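Hi,

Here is the structure I promised to pass on. Have a look at it first, and my notes follow underneath.

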Amino acid sequence: IGTYLSRKRDLGEGAINESTTVRSHLLLLGSPMKLALRQNVWTFISWIASSIFLSALMASLAKIAVEALAESPSLRTIIASFGGESNNIIIAFIGSGMVFTVMVLLVMVTMYVAGIRNDEAKGYLETILVHPVRRNIWLANRTLLIALMSLFVSLSSCLTTWAVAHIQGIEIDLNDILLVGISLTGTTLFVLGLGVLFYGIAPRVAVVSMYIVIIWSFLIDMLQSAMNLNDTVAKTSLFHYISTSPTASPNWQTFACLVLLGAVMATFGIVLFNRRDITAA
């Protein structure tokens with residue numbers, strides 16, 4: 001059909017006539033913060049959908065996977081190390097699935113920082129700054145929006161995990177797993193702060209620096225599950241500082257340190273961004 005229609009139309013034209021005018025859509029164009037919501041709402045929805053699907057999949061496979069791992073003590077040990085639970089391998093498997101939730105969160109905030117950089121590189125930021133908009137307020141609002149989005153995605157993922165586990169008769173306390181969801185954002189906010197810091201200093205390497213930290217942490221965590229790494233090396237991984245077990249109480253002191261470090265780095269990044277020139281692509 002496509003080949004037939006291509007013979008009936010002019011070069012560069014379509015088989016169906018399109019309007020030469022487009023109706024203006026002014027929703028969420030009243031402020032830079034509203035514009036940021038408008039630009040990111042659909043990607044935000046896609047991230048939520050992806051995290052919910054992943055969490056539901058891992059929780060629904062918990063019992064099946066544990067039965068398959070019954071004859072493999074080594075794999076059970078690896079799952080237990082990821083999930084932070086050695087006494088209940090089903091809970092450990094669900095906890096290991098939260099490692100992937102953390103990865104989703106880390107990649108999500110990195111891509112959002114890439115979006116901030118893209119606005120500057122393509123000249124969109126200059127269009128905003130010609131209005132009475134302070135640069136530091138603009139970046140602070142974007143950073144706060146990303147942080148809130150990551151928290152919402154994390155809580156949605158944990159709530160989905162609890163719901164699917166509850167359907168299967170796996171006992172997990174809702175309050176406990178929601179607290180775990182909050183604690184998972186500690187590493188996310190740390191990486192976000194790092195990205196904002198580099199964005200304020202050298203915007204071209206901001207996203208690269210975030211990906212380096214994520215990849216390094218993932219590799220160290222994978223190696224740690226297979227071999228005994230030096231304690232100093234193991235502590236260079238962000239995953240070393242999170243607890244993914246849905247039944248264990250998070251380490252709130254570590255969480256507070258990660259959030260504080262992220263906030264300090266983000267603050268320095270915002271101040272330095274206010275003092276540098278706009279950098280095109």
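**Notes on the model**

Ala206 lies in helix α9, which covers residues 206–226; helices here are DSSP runs of H or I with at least four residues, strands are runs of E with at least two, and both are numbered from the N terminus. Before I go on, this is a predicted model, where local features need pLDDT of at least 70, side-chain atom pairs count only at pLDDT 80 or more, and totals for chains, interfaces and linings use all residues. Residues are numbered from 1 along each chain as its sequence is written, and side-chain values use heavy atoms, with hydrogens and water left out.

Back to Ala206: its relative accessible area is 1%, so Ala206 is buried (buried means under 20% relative accessible area, exposed over 50%, partly exposed in between, with a 1.4 Å probe and protein chains only). Not counting residues up to four places away in sequence, Ala206 touches Gly195, Phe198 and Tyr199, where contact means heavy atoms within 4.5 Å. Ala206 also sits 8.0 Å from Leu194, C-alpha to C-alpha, with their positions 12 residues apart in sequence.

Now the overall picture. The protein chain has 11 helices and 0 strands, so to speak an unbroken run of α elements from the N terminus on. Of its 281 residues, 42% count as buried. Among contacts between residues at least 6 apart in sequence, 76% join residues at least 24 apart. The accessible surface of the protein chain comes to about 15,700 Å², and 65% of that belongs to carbon and sulfur atoms (Shrake-Rupley method, 1.4 Å probe; for residues, only the protein chains shown count as cover).

On to helix packing, where I spent my time on α7. Two packed helices are described by the angle between their axes and the distance between the axes. Axes are lines fitted to C-alpha atoms, for helices over the stretch in contact, and angles run from 0 to 180 degrees between N-to-C directions.

Take α7 (residues 135–167) and α8 (residues 174–201): their axes come within 8 Å and cross at roughly 150°. That makes α7 and α8 roughly antiparallel to each other (over 145 degrees; under 35 is roughly parallel, 65 to 115 roughly perpendicular and the rest oblique). The crossing is right-handed, meaning that the near helix is turned clockwise from the far one by less than a right angle, with anticlockwise being left-handed. The contact of α7 with α8 has 18 nonpolar, 7 polar and no charged residues; Ala, Val, Leu, Ile, Met, Phe, Trp, Tyr, Cys and Pro count as nonpolar, Asp, Glu, Lys and Arg as charged, and the others, Gly among them, as polar.

Helix α2 (residues 32–60) and α7 have axes that come within 9 Å and cross at roughly 25°, so α2 and α7 are roughly parallel to each other. This crossing is right-handed, and the contact of α2 with α7 divides into 17 nonpolar, 10 polar and 1 charged.

Then there is α11 (residues 252–273), which packs with α7 at an angle of about 145°, the axes being 8 Å apart. α7 passes α11 in a right-handed crossing. Which residues meet there? Arg135, Asn136, Trp138, Leu139 and Ala140 come from α7, and Gly269, Ile270 and Phe273 from α11. By class, that contact has 5 nonpolar, 2 polar and 1 charged.

One residue of α7 to click on is Asn136. Asn136 counts as buried, because its relative accessibility is 18%. Leaving aside neighbours within four places in sequence, Asn136 is in contact with Ile270 and Asn274.

Cheers
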